[in-house]
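These are my notebook entries on a few things I looked up, written down in the order in which I checked them.

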Amino acid sequence: MDCWKGAIGSNWIYPTVIICANGFFSTMRPSESFLTPYLSGPDKNLTIEQVTNQIFPVWTYSYLALLLPVFLITDYVRYKPVLLLQGISYIVTWLLLLFAHGVVAMQVMEFFYGMVTATEVAYYAYIYSVVSADRYQRVTSYCRSITLVAATVAAVLGQLLVSLAHVSYFHLNAITLTSVSLAFLCSFLLPMPQKSMFFHKKGVSETLPQPQKAVATLPSNGPSSCQQQDEDCAAADTGPAPQQQAEQPKPQNHMLRVLVQLSRDLRDCYSSRKLLYWSLWWALATAGFNQIVNYIQVLWDFRAPSHSSAVYNGAVEAIATFLGSATSMAVGYIKVDWDLSGELALGMFSAMDAGSLFLMYFTDNIWACYAGYLVFKACYMFLITIATFQIAVNLSMERYALMFGFNNFVALLIQTILTVIVVDTRGLGLDISTQFLIYGSYFAFIAGIFLTRSVYTIVSIKCRNASVAGEPTDH
């Protein structure tokens, strides 16, 4: 009992445990690997064309519409209310999946799932608001690891229940509803943060008992009077100084000032050519990756219809998640000068992604499609880990969060354009096989950009070195 009270009283253990529990239950969705067979099967009786061209695009549109306002609101309300909103959206999504019927009902379901994905930013941002900066690396590893474990467990569990226990897709969704409901309950147990990265910076320096920790956690322009002498802090408690009163703007002015600062930070971040190219790949590749993940089950069902073939979606997702985590971990042990070789790696592995997508288009063999997906996801996870590290190592936590959000917003904008042109019936409305030909060409285009850039960079460096080596002989 004393140990439990000590954990709750700790400034990082209790919220870390609860947010990890939230992440585990919200990611432990065994039915997700079988969404397309469920929608096109007897439970919902929808056609593949309806699922592909009318239902799935709604997720992309709603995600785009909600992402930017949710990103700002999340910081303003200090994360926990958004986590509660995410839990409600999860529950509504799976209630609709279980009991609603028809195209319109499933489109509404996709809207709420768009709300779920738009609010995911609160999951990682929350933990940074309740722990000190020296624990960021540890708690981030906990949060990311638990979601990978949950995704793997969910995929394996779903496959075992379908293949061995012959559990129906309806009951798989009932299990998922139970899991996301537990995640919602975990959100209630989270302590309310007293600070946030952008809108509530000052609150942290005023409420933390140790001012030095506040300085380490959030960068400031200079030390406050309270950080100089304890006597000054006591005086400040009796009433703010005139200068401090002048620094406390009205809420509307404060919000405007934060938005202006965010725009300046974005401009400064993207003024770095190195960060610009890593971000460009991030946005382009993430748009394509999300599109593939969103429609891969439709391709599998096209190659091997679920009503007449054994379905191994869960097993493939489990292996893909494991390979993704393994390649991500491998990045930490590779000693490479990414400033020199980064663009070459982006080009080469993007070319491998393109090749795996072309394989899925040209083959009718479901096992070849499975293998292509494994290669595709492993390459993407390898590169996105490198890109994340290269961007994060050059930025403060606040600017990294801002750049992370903006890169994902641009990615979603590109994904929406792809959806409108390629998938939506108001665009080309292509069949699923032809879509993957387009996606393969898209990644080939990305590979061409960065392979060309890498050749230019290598030639420039060689010319510069040759020029430097020849300088002594000219004098």
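Before the first entry I fix the terms: a residue is buried under 20% relative accessible area and exposed over 50%, and partly exposed in between. I also keep in mind that this is a predicted model.

Entry one, on a single residue. I looked up I458, which has its place in helix α20, and asked how it should be classed at 32% relative accessibility. Because 32% lies between the two cut-offs, I458 counts as partly exposed.

Entry two, on the surface around that residue. I found I458 listed with L340, L344, M348 and L451 as the makers of a nonpolar surface patch of about 360 Å². Which helices supply at least two residues of this patch each? I noted α17, spanning 338–362, and α20, spanning 432–470, with the largest share, three residues, coming from α17.

Entry three, on the packing of α17. I recalled that two packed helices are described by the angle between their axes and the distance between the axes. For helix α15, residues 273–303, and α17, I read that the axes come within 12 Å and cross at roughly 15°. Since angles under 35 degrees count as roughly parallel, α15 is roughly parallel to α17, and I added that α15 passes α17 in a left-handed crossing.

Entry four, on a covered helix. I turned to helix α7, residues 121–130, and recorded that it is mostly covered, with eight of its ten residues buried. Among the buried residues of α7 I wrote down the tyrosines Y123, Y126 and Y128, together with A122, A125, I127, S129 and V130.

Terms used
Residues are numbered from 1 along each chain as its sequence is written. This is a predicted model: local features need pLDDT of at least 70, side-chain atom pairs count only at pLDDT 80 or more; totals for chains, interfaces and linings use all residues. Side-chain values use heavy atoms; hydrogens and water are left out. Patches are made of residues with over 30% relative accessible area and no salt bridge: like charges are joined within 9 Å, nonpolar side chains (Val, Leu, Ile, Met, Phe, Trp, Tyr) within 5 Å. Accessible areas come from the Shrake-Rupley method with a 1.4 Å probe; for residues, only the protein chains shown count as cover. A salt bridge is a side-chain nitrogen of Lys or Arg within 4 Å of a carboxyl oxygen of Asp or Glu. Buried means under 20% relative accessible area, exposed over 50%, partly exposed in between (1.4 Å probe, protein chains only). Axes are lines fitted to C-alpha atoms, for helices over the stretch in contact, and angles run from 0 to 180 degrees between N-to-C directions. Angles under 35 degrees count as roughly parallel, over 145 as roughly antiparallel, 65 to 115 as roughly perpendicular and the rest as oblique. A crossing is left-handed if the near helix is turned anticlockwise from the far one by less than a right angle, and right-handed if clockwise.
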